[in-house]
Structure formats: C-alpha cells, structure tokens
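Please walk through this structure with me, beginning with the chain as a whole and then turning to its individual elements and side chains.

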Amino acid sequence: MSDENMTEVNQALNVDERLRILREEDLQRWLERVSAMCQSMKISSTTENLLALRPSQTPVTCERLLEEACAIGDQLCRRAIKSDGMAVWISPALVKKTGEWAPRPIGIDWYDGIAGIAFFLGYLGQVTREQKYTTLTRLALQSVRFKIGQYTERQKGIGAIAFVALRSAIHLFTHLGALWNDAALFREAEMLVEQLPALISQDQLLDIISGTAGAIVSLLGLHTLVPSARIIEVAQLGGEHLLAQSREMQQGWGWYTMPGSPPLTGFSHGAAGIAYSLLWLASVSKDVRFHAMALAGLAYERGLFSPEQKNWPDLRQIGQSKRQTTSPPRFHHLWCHGAPGIGLARLASLPYLSDGLIYEEIEAALKTTRAQGFGHNHSLCHGDFGNLETLLIASQAVYPDYKKPVEQITAMLLDSIKATSWVCGAPLGIETPGLMRGLAGIGYQLLRLAEPERVPSVLLFAPPA
C-alpha cells in the first residue's frame with residue numbers, strides 16, 4: 001500500500017489502534033493483496049460475467065443460508081477497524097484525481113458505506129441472536145452519527161454528499177429502531193428529516209440511488225412506523241422537486257439524472273425507480289399529481305422498450321464521444337440497468353397501478369431475467385443476488401410458478417460460493433465490504449432468502465417487515 005493510501009487509513013485511527021491493527025496479520029495481508037489487485041484494475045462500473053453456474057444437487061435449507069450469511073458477518077467482523085467506540089472498513093475505491101483504484105476508508109452512505117453494512121449486521125444479529133453482530137452494528141451506528149454531525153456542521157459546502165448521508169441515516173435508524181424496539185432511533189431519524197428540505201431544493205441527481213427519489217422512499221419508510229404529517233410534508237417537497245425537474249420527451253416525461261446523458265431507463269438512475277417513489281408518495285399523500293407524473297415517467301420508459309431484446313436500453317453516455325452517440329443501444333440484465341430492476345419496480349408498483357400493460361412488462365422482464373440475468377457476480381446492484389430478488393418478489397406476489405426457479409438458482413449460487421468464495425460487484429470481483437456491491441449485500445440477501453417474511457427487500461427500500 002502506498003504511503004498516501006496508508007495516511008488516509010491512519011486518519012481514522014489513533015496510535016494505539018494502529019499498532020494493534022498492524023499486529024493483525026490477516027487484515028494486513030488483505031490490505032496488501034487489495035493494493036496489488038488495485039494496480040491491475042481498470043476503470044469500470046460493472047464486472048464481466050465471473051460465475052460458472054451449474055445445476056445443483058444440494059438442497060437449499062434455511063440452515064445452509066444462515067451459515068453462509070454468518071460466514072460473511074464473521075468476515076466483516078474481522079475486517080472492521082474499531083476505534084473510539086466506532087467501526088470503519090477499508091474498500092477499493094476509484095480515485096477521481098488519478099483514475100486508479102486504491103484502498104480507502106469507506107464513507108457512511110447506503111450504497112458502499114457504513115450505513116449499508118450496519119443494516120446487514122443489524123438484521124443478522126436479530127435473526128441469529130448472535131451478540132457479536134449487534135455489538136458491531138452499534139459501533140458502526142456510532143460512526144454514522146459522528147459523520148452526520150460533521151456533515152451538519154459543513155452542510156453548505158457538501159450538499160450532495162450530506163443529502164446521501166442523511167437519507168442513508170434515516171433509512172438505517174428506521175430499521176434499527178424497529179429491530180431493537182428503540183424509539184430513540186426514530187426520534188433521531190425525525191430530527192434528521194428537518195435538514196432535508198434545503199438539500200432537496202439543491203438536488204440535481206434526482207434518482208433513487210443518491211437523489212430525491214431515494215429520500216422520498218426513506219421518508220415513507222419512516223412514516224410507516226412513525227406516522228407524521230411533517231414527514232409527509234417533507235416527502236411532498238421531494239415530489240414537488242421531481243415534478244419541477246421533469247422534462248417532456250417525445251413520449252412521456254423523463255428526468256436528467258446523469259450529466260451528458262439523456263433521461264435514463266432503469267431502477268437505479270432512471271424512470272422506473274423515480275416512478276416507483278412517486279406512486280408510493282401519491283398513495284400516502286393522496287396527491288394525484290404525483291401519480292400522474294409517475295405514469296408519464298412510465299410512458300417514457302415504455303416507449304424505449306425493445307420487443308426483440310425483451311429489455312430496455314441503457315442510455316448512459318459514459319466514456320462516449322459525440323460521434324459515438326449514434327452507436328446501437330446497449331442492453332444490460334441487472335437491477336441497476338435493464339429488465340431485472342425494471343421488472344422489480346413494476347412488481348412493487350402493482351398495489352398502486354394495475355393495467356394490462358404492466359403485467360406484459362413484468363412477464364417480459366421475468367423471462368429476460370431468468371434467461372440472461374445470472375452468471376455475473378454475487379452482488380445486489382449488478383449481480384445475481386440482486387436479480388434473484390426480482391424472481392423472489394414475483395414468486396411471493398402473482399407468479400408462484402417462480403418459486404421453483406428461485407430455489408434452483410439459489411442452490412447454484414450457494415454452490416458457486418463454495419467453489420469460488422464471494423465474488424463482489426467490483427472489477428475483477430474483488431472483495432468489498434459494502435451493501436450494494438459487496439459482502440454486506442450478499443450476506444443480506446442470503447439472510448432474506450432464509451427468512452423472507454422477517455427480512456424486507458433492500459432493493460425496494462421497503463420498511464421493516
């Protein structure tokens with residue numbers, strides 16, 4: 001590891017803690033291995049197909065799923081760096097200044113950060129009753145609180161970062177408050193709600209991963225447990241912002257969520273995720289304008305559907321010059337971009353919207369997901385366990401015939417973990433700790449498959465069960 005990288009790691013630790021960490025050979029060897037792998041990693045937002053899945057003869061049992069989830073929990077315990085009553089983790093990250101990957105202390109966001117890891121560990125501790133996971137969750141929770149305090153003090157200068165952090169903390173506090181029956185965590189979440197209005201008005205990302213749509217679903221999750229007119233009022237401010245930022249397209253309306261790209265399709269940055277948040281908001285607030293705008297977003301996305309591909313194109317212009325914008329559209333088969341995520345969004349929208357067309361879209365998405373959605377890696381965002389969530393939700397709702405495929409694919413994924421260990425959603429499948437691309441998400445989905453009634457869908461940002 002370079003001196004610059006080690007300096008960043010050390011900033012999170014005091015001197016005594018540094019000496020203890022250096023004596024832990026496992027962690028030190030891992031840091032050295034990660035540093036070496038980072039030297040060969042290319043800039044990439046996804047991974048190529050890294051899994052060789054084969055039919056399994058080993059039955060899927062709750063015990064087997066929990067055993068593997070606990071193995072990931074134990075790995076996160078080993079990788080945690082604890083200091084001053086807090087816990088942090090190191091992860092490979094893309095350094096914007098150099099365009100290279102290097103080990104860095106993670107932030108507190110939901111996607112790759114401490115909030116997402118704490119979310120998994122909190123549920124793991126609750127389901128297994130293993131105190132070590134709950135103890136580590138509390139240390140991670142303290143890290144989130146500490147960083148939120150820093151963001152609150154410097155909010156004007158780091159609006160976008162603070163927005164993601166606050167939304168992540170609200171979602172985490174909501175779930176941990178329910179798991180631990182701790183009303184104080186609900187009150188903390190409600191206090192954070194008061195900081196959102198100013199940040200919503202500045203938001204340019206808009207999407208469900210990092211923007212206003214994500215804040216709306218976090219607020220609605222909190223409202224489910226702590227009904228509050230103020231929470232709905234702030235969520236409606238988010239809805240108003242999405243209305244104001246929508247743009248009329250040739251068919252329907254869309255949102256510019258990524259610089260240099262047209263309005264996108266998909267769950268993570270596109271119309272599917274934003275429309276889902278607006279449908280949920282319209283149902284709670286009774287404001288029909290949000291429902292109408294959600295329909296307009298769906299109309300835009302529907303207009304881009306390819307009957308030949310049975311999929312929706314990924315319209316991101318990442319790394320493309322103006323001369324390349326006429327190249328054929330790309331089609332992915334992931335939660336973040338493509339049929340699996342859009343199918344999941346449509347399934348979740350059924351309580352608010354039921355027409356013949358939405359069932360046609362769901363059936364097309366399910367067929368595409370089953371045929372081409374597996375063999376990538378084990379992650380949630382752009383991997384197999386994320387795609388499996390679409391089939392799981394379908395099997396729980398209106399497509400019970402998918403229960404058997406869910407079981408078969410789960411068995412194959414468990415066998416692949418036994419053969420290759422965990423393959424994360426970073427380039428080369430390198431181990432990362434976070435929720436959406438890394439170990440925490442893999443562990444969480446194993447836990448959900450074991451206890452689907454107790455463990456809610458993280459990819460739908462569902463409230464506690």
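**From the whole chain to its details**

In this predicted model, residues 24 or more positions apart account for 69% of the contacts in the chain with a separation of 6 or more. The secondary structure of the chain comes to 18 helices and six strands, and of its 465 residues, 59% count as buried.

Helix H10, which runs over residues 212–225, gives a view of how a covered helix is placed in this chain. Its 14 residues, at 1.5 Å a residue, should span 20 Å, and because the C-alpha atoms at its ends are 21 Å apart, the expected and the computed values agree. Of these 14 residues, 12 are buried, so that H10 is mostly covered, under the cut-off of 20% relative accessible area that defines the term. The buried residues include Thr212, Ala213 and Gly214 at one end of the list and Leu222 and His223 at the other. As for what covers them, the buried residues of H10 pack against helices H7 (159–180), H8 (183–193), H9 (196–202), H11 (229–245) and H12 (271–285).

Among the strands, S3 (residues 90–95) and S4 (residues 100–105) pair in the antiparallel sense over six bridges. Within this pairing, Val95 stands opposite Glu100 in S4, while Leu94 stands opposite Trp101 in S4. The hairpin that S3 and S4 form has four residues between the strands, and Gly99 there takes a positive phi near 70°.

Positive phi values also occur at residues that are not glycines. Lys286, with a positive phi of about 65°, is found in the loop between H12 and helix H13 (288–302), and it counts as exposed because its relative accessible area is 68%, where the cut-off for that term is over 50%. Leu428 likewise is not a glycine and has a positive phi of about 65°; this residue is found in the loop between H17 and H18.

The loop between helix H17 (403–420) and helix H18 (439–450) also holds Arg437. Is Arg437 buried or exposed? Its relative accessibility is 15%, and therefore Arg437 counts as buried. The side chain of Arg437 makes a polar contact, at 2.8 Å, with the side chain of Asp112. When its neighbours within four places in sequence are left aside, Arg437 is in contact with Trp101, Tyr111, Asp112, Ser379, His382, Cys424, Gly425, Ala426 and Thr432. Trp101, one of these contacts, has already appeared as the residue of S4 that stands opposite Leu94.

The aromatic side chains can be followed next. A search of the whole structure finds nine aromatic pairs, and Trp110 and Phe119 form one that is edge-to-face, with 4.7 Å centre to centre and 65° between the planes. Trp110 and Phe119 are both buried, and together with Tyr123 and Tyr444 they form one aromatic cluster.

Two further rings are met by arginine side chains. Arg138 lies over the face of Trp180, at 3.9 Å from the ring centre, whereas the charged end of Arg289 sits over the ring of Phe290, 5.4 Å from its centre.

Definitions and conventions. Residues numbered from 1 in each chain as written. Predicted model: local features only at pLDDT ≥ 70, side-chain atom pairs only at ≥ 80, totals over all residues. Heavy atoms only, no water. Helix = DSSP H or I, 4+ residues; strand = E, 2+ residues; numbered from the N terminus. Buried < 20%, exposed > 50% of the residue type's maximum accessible area, 1.4 Å probe, protein only. Polar contact = N/O pair within 3.5 Å; in protein donor to acceptor, adjacent residues only side chain to side chain. Contact = heavy atoms within 4.5 Å. Phe/Tyr/Trp six-rings, centres within 6.5 Å; stacked < 30°, edge-to-face > 60°. Lys NZ or Arg CZ within 6 Å of the ring centre and 35° of its normal. Pairing = 2+ DSSP bridges. Expected span 1.5 Å × (residues − 1).
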